[in-house]
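Visitor: I am new to this structure and would like to understand the words people use for it. Could you show it to me and take my questions one at a time?

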Amino acid sequence: MRLLPAAPALPPRPAPGTAYAEAREVGFRYGEATVLRRIDLAVRAGELLALVGPNGSGKSTLLSLLAGDRQAGGGKVRLDGRPLSAWSAREQALRRAVLPQQLTLTFPFTVADVVRMGRAPWAGTPAEDLDEQIVTEELARTATASLTARPFPALSGGERARVGLARVLAQRTSLLLLDEPTAALDIHHAETVLSLARERAAGGDAVVIVLHDLGQAAAYADRVAVLSQGEIAACGPPAEVFTDELLSEVYQHDVEVLPHPRTGVPMVVARR
Amino acid sequence: MSAELAEVAGQAAGRVRGTIVIAGLAVALVAVALAAAGLGAYPAGPAEIAASLGHRLGLDLGALPDPLTETVLWDVRLPRVLLGLLVGSSLGVAGALMQGIFHTPLAEPGVIGISSGAALGAALSIFVGFTALGAWSVSVAAFAGGLVAVLAVYGVSRAGGRTQVITLLLSGIALNAFTGAVIGLLTYFSDNEQLRSITFWQLGSLGSATWSAVAAVAPFAIAGLLLAPRLGRPLDLLSLGERSARHLGVDVQWLRLLCVVLVALLSSAAVAVAGIITFVGLIIPHLIRMACGPYHGTLLPASALGGALMLTGGDLIARTVAAPAEVPLGVLTALVGSPFFFWLLLRTRARQGGWA
């Protein structure tokens, strides 16, 4: 049966620094509108890459192309050394996990059930034995252990976001694609989520996060890719990329970048 | 509460409750089936029925019923009970599958137009006097109508290699309206005898049960029941939405195709032999979810048992409550089912603000 076919070969951990997921010359059109143009981007094992840019600049579309949700209009998307489409859905699921902007659920599964769903790709593999241990760990890590027996639809927006993250973390893939994971969260939980993503990158995984908050991107990302009108305007370490000129132009707003007085991390504020 | 406790509160507790519910349903089903087989014009007790069944299998289990009762039992009541079991379980499983793949607890074989497609097929064959297949003509036409309806709706709602749930449900509504209109026309232009035939068929009944009807619906019901447990886990994941299910390794398009074909076979076969019987596929899965949670691994087999129980019990009531007259079974299930569905809507609205 092809629904969840016999266990495929387990993917090896990528060597640190290798390009784990890549977009090469990728474009995307939505009807008449060109959403993305000739994007070249690689995310390496062990780094946290933030995608930033104004509303409608194509951040989430780029993430969905990397996830395989949409077919690129041109160019190639690769994952773990092969074209994305050469992997089956199951093989992709063993390599990358995706956190959508909004997690919806048709039926009232409990929080523990939802997080356990993250372990589905590993069913029938030796890693299945770790399922309960990993689910427990990720529930604790995302501070959702107290919610486990609650039905998911009864949770608040912030709780849903953390449970959704726990599910994605429990999938234990070498690539994490997170679409605005901090949007619904207060400062404490947002920092927790970014620290968790940071930890996974430090542990050797490749992490791509779509972020609106440039300060968060500057503080947590190894590299940032600034998208503007479907193209990458700049890509590199935040301290190099985040300049008054670039951000003011990309966001069409007068923006200034100041070093934090103690840490030196760039802080981005509107000039008022 | 710790995560270890949650394990008990979530899936495992669901499984325990599921096992209890399935066992309870099975026991109730055997009891109702025995009662349905025994009650009627020539009644037989459970011991006599067991003896008669054993006798056919070459076992001696005690005194047989008298020959006339034996004949009524085997020619009339047993095929009727079996047909009820098969049709009921087919409708129950079809409803549970549809709600899973269409992401809405309101989906039912009638919703995407299978029942009305089958009804149109039957009405057409009655109207044009299609008798090439003898006594089977109407059933085969109904079956064909149901399949065409599913394929049409499914074909319309697929765009860019994906199925849009909203389009699917809306095209089901459009198809229901269209078939309703055509059946209305056929009814209007029918002569008296055709009119009776079309109307009785639309009301839904197990009254025409024969062993060949049982044989016709059995392969579909059994195939559905055998396949369904394997669909449990992927359908659970599909509850996260198609994208997230795919991110977790489910081949979503294949899953949907398989489910739609299964639903088409199960409900067309059921409608073809028993006419239009509504609400079984809607209410039974709802009740099962309330009792043992949303896990499809439990939901699918429990819906099969529950559907069988509802139909066998309903048919027993339909033919005994006003004996010797028979209340049409489809009317009975709709009569009981629609207020129940109303209550369900209000309850859900109060609890979680509706289905949005």
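Visitor: Which residues line the largest cavity?

Guide: Welcome! This is a predicted model, and in it the lining of the largest cavity is made by B:Leu91, B:Glu108, B:Pro109, B:Gly110, B:Ser115, B:Val271, B:Ile277, B:Thr278 and B:Gly281. By class, they divide into 4 nonpolar, 4 polar and 1 charged.

Visitor: What makes this space a cavity?

Guide: A 1.4 Å probe fits there but cannot get out, so the space counts as a cavity. The largest cavity holds about 50 Å³, and there are 4 cavities of 30 Å³ or more.

Visitor: What lines the second largest cavity?

Guide: That cavity, of about 40 Å³, has B:Arg77, B:Arg80, B:Asp315 and B:Arg319 among its lining residues. Asp and Arg count as charged, and the lining has 4 charged residues beside 3 nonpolar and 2 polar ones. Helix H3 (67-101) and helix H12 (296-320) of chain B each give two or more residues, with H3(B) giving the most, 4 residues.

Visitor: Why is H4(B) called oblique to H5(B)?

Guide: The axes of helix H4 (residues 114-128) and helix H5 (residues 137-156) of chain B cross at roughly 140° and come within 6 Å. Only angles over 145 degrees count as roughly antiparallel, and 65 to 115 as roughly perpendicular; the crossing fits neither range, so H4(B) is oblique to H5(B).

Visitor: Which residues meet between these helices?

Guide: Among them are B:Gly117, B:Ala118 and B:Gly121 in H4(B), and B:Ala141, B:Ala142 and B:Gly145 in H5(B). The contact has 9 nonpolar, 6 polar and no charged residues.

How values were computed: Residues are numbered from 1 along each chain as its sequence is written. Chains are lettered from A and ligands numbered from 1 in the order in which they are written. This is a predicted model: local features need pLDDT of at least 70, side-chain atom pairs count only at pLDDT 80 or more; totals for chains, interfaces and linings use all residues. Side-chain values use heavy atoms; hydrogens and water are left out. Axes are lines fitted to C-alpha atoms, for helices over the stretch in contact, and angles run from 0 to 180 degrees between N-to-C directions. Angles under 35 degrees count as roughly parallel, over 145 as roughly antiparallel, 65 to 115 as roughly perpendicular and the rest as oblique. Contact means heavy atoms within 4.5 Å. On a 1 Å grid over the protein atoms alone, a cavity is a set of points where a 1.4 Å probe fits but cannot get out, and a pocket is an open set with protein on both sides within 12 Å along at least five of seven lines; lining residues have an atom within 4 Å of a point. Grid points are joined across faces, edges and corners, and a volume is the space filled by probe spheres set on the points.
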